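This report describes selected features of one protein structure. The sequence and model come first, and the text follows.

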Amino acid sequence: MKFTNKFNVPSEIIRAYHNDKYNKGDSDFSITGLITPPQQRVLREMYKPEITIDYSDEIWKLLGSGIHAVIERANENYTDNITEQRFTVDILGKKVSGQIDNLNIPEKKLEDWKVTSAYTVKNAIKNGIKSEWVSQLNSYKYLYEKSTGKKIDQLNIICLCRDWNRWEFERSGSPYPECPIATLPVEIWETEKTEKFLTDRVALHKATDIAVEMGIRVMPACTDEERWMKPDEFRVTKKGRKSAMRRLPSEEEANEWIKKNVPEKIHKDISIVFIKGEATRCKAYCPVSNFCSQYQEEVKNSEGGEQWTKNSKEAT
């Protein structure tokens with residue numbers, strides 16, 4: 001892996017980044033590795049010497065590691081909780097492990113700490129917790145219960161909002177978090193559902209590895225959910241107004257909305273702006289997007305068609 005330092009990150013911070021002691025032990029897969037799309041995991045291994053990362057892009061990961069280390073150190077001499085402990089089970093002949101952040105033993109409560117944005121918490125409160133977070137915590141629960149024979153009754157995500165702003169909370173209120181620390185309760189799956197999820201993920205990753213070993217370079221495509229895909233959007237805009245009057249999933253619905261809600265005398269000032277949906281993860285957060293045929297083909301096919309504007313009369 002290659003590193004750049006475009007913004008002159010101090011050497012002390014760079015050393016801290018390279019001092020990361022995380023490893024998955026002797027397991028074949030970690031829970032986070034299983035949740036990762038197989039295509040991304042394999043491409044990371046395949047193109048590791050060519051992947052380039054700038055140190056400035058890793059600052060939030062470093063901040064998260066630091067907070068985990070401080071909380072672990074502060075709780076290591078207490079007997080009412082378990083922090084940063086790894087559990088392993090066998091699934092389809094593969095060792096699968098996961099390292100829990102904290103287990104409150106008296107309350108049988110598993111907690112996972114996330115350093116994230118206030119927007120992510122706001123979106124989770126409004127639209128539901130990220131599916132990968134839900135599957136991650138239920139997988140940890142499964143590993144702990146299978147390894148110890150003990151039960152867990154609660155799952156919580158503890159979010160530490162790195163960009164929380166009191167003024168923003170006072171201005172907008174809920175669902176913006178009311179303080180920098182937010183607790184998000186996670187739905188507990190039935191054991192059978194978790195077993196199926198883990199079995200399916202192990203089978204998918206195993207099949208991908210076998211295909212690669214056989215020289216077959218066609219890997220399972222990442223799903224829209226895994227790619228954080230934003231859908232196409234048709235914005236109804238008005239001349240002189242900064243924000244869209246309405247955002248709709250099709251041009252037909254945008255035209256219909258204009259007919260029903262906008263007086264005909266101002267139709268000349270109304271436009272429909274098309275914004276092409278994009279894979280947010282691929283575009284900004286995937287380290288192997290430059291080597292991914294799925295994403296590169298998509299970029300090639302969308303060139304020149306990402307955005308257009310029509311006056312409402314043209315659209316109709």
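## Helices, cysteines and a tryptophan

Helices α6 and α8 are roughly perpendicular to each other, a term for angles of 65 to 115 degrees. Their axes come within 10 Å and cross at roughly 105°; axes are lines fitted to C-alpha atoms, for helices over the stretch in contact, and angles run from 0 to 180 degrees between N-to-C directions. Helix α6 covers residues 131-148 and helix α8 residues 191-213. Helices (H or I, at least four residues) and strands (E, at least two) are DSSP runs, numbered from the N terminus.

From α6, Ser-135, Asn-138, Ser-139, Tyr-142 and Lys-146 make the contact, and from α8, Thr-191, Thr-194, Glu-195, Phe-197 and Leu-198. Contact means heavy atoms within 4.5 Å. Three of these residues are nonpolar, five polar and two charged, where Ala, Val, Leu, Ile, Met, Phe, Trp, Tyr, Cys and Pro count as nonpolar, Asp, Glu, Lys and Arg as charged, and the others, Gly among them, as polar.

This is a predicted model, in which local features need pLDDT of at least 70 and side-chain atom pairs count only at pLDDT 80 or more, while totals for chains, interfaces and linings use all residues. Residues are numbered from 1 along each chain as its sequence is written, and side-chain values use heavy atoms, with hydrogens and water left out.

In helix α5 (residues 118-127), Ala-118, Thr-120, Val-121 and Ala-124 are buried. Buried means under 20% relative accessible area, exposed over 50%, and partly exposed in between (1.4 Å probe, protein chains only). Seen down the axis of α5, the buried residues fall within an arc of 160°, so they line one face of the helix; the arc is that of the directions from the helix axis to the C-beta atoms. Their cover includes β6 (109-116), α6, β7 (154-161) and β8 (181-185). Tyr-119, Lys-126 and Asn-127 are exposed on the other side of α5. Gly-128, just after α5, takes a positive phi of about 110°.

The count of disulfides is zero, a disulfide being a pair of cysteine sulfur atoms within 2.5 Å. Two cysteines have their closest cysteine sulfur too far away for a bond.

| Cysteine | Closest cysteine sulfur | Relative accessibility |
|---|---|---|
| Cys-159 | Cys-161, 6.1 Å | 0%, buried |
| Cys-292 | Cys-222, 5.9 Å | 9%, buried |

Trp-308 lies in strand β12 (residues 307-311) and is partly exposed at 27% relative accessibility. Beyond its neighbours within four places in sequence, Trp-308 is in contact with Phe-234, Glu-251, Ile-272, Val-273 and Phe-274. The C-alpha atoms of Trp-308 and Phe-274 are separated by 5.2 Å, although the two residues are 34 residues apart along the chain.

Technical notes. Angles under 35 degrees count as roughly parallel, over 145 as roughly antiparallel, 65 to 115 as roughly perpendicular and the rest as oblique.
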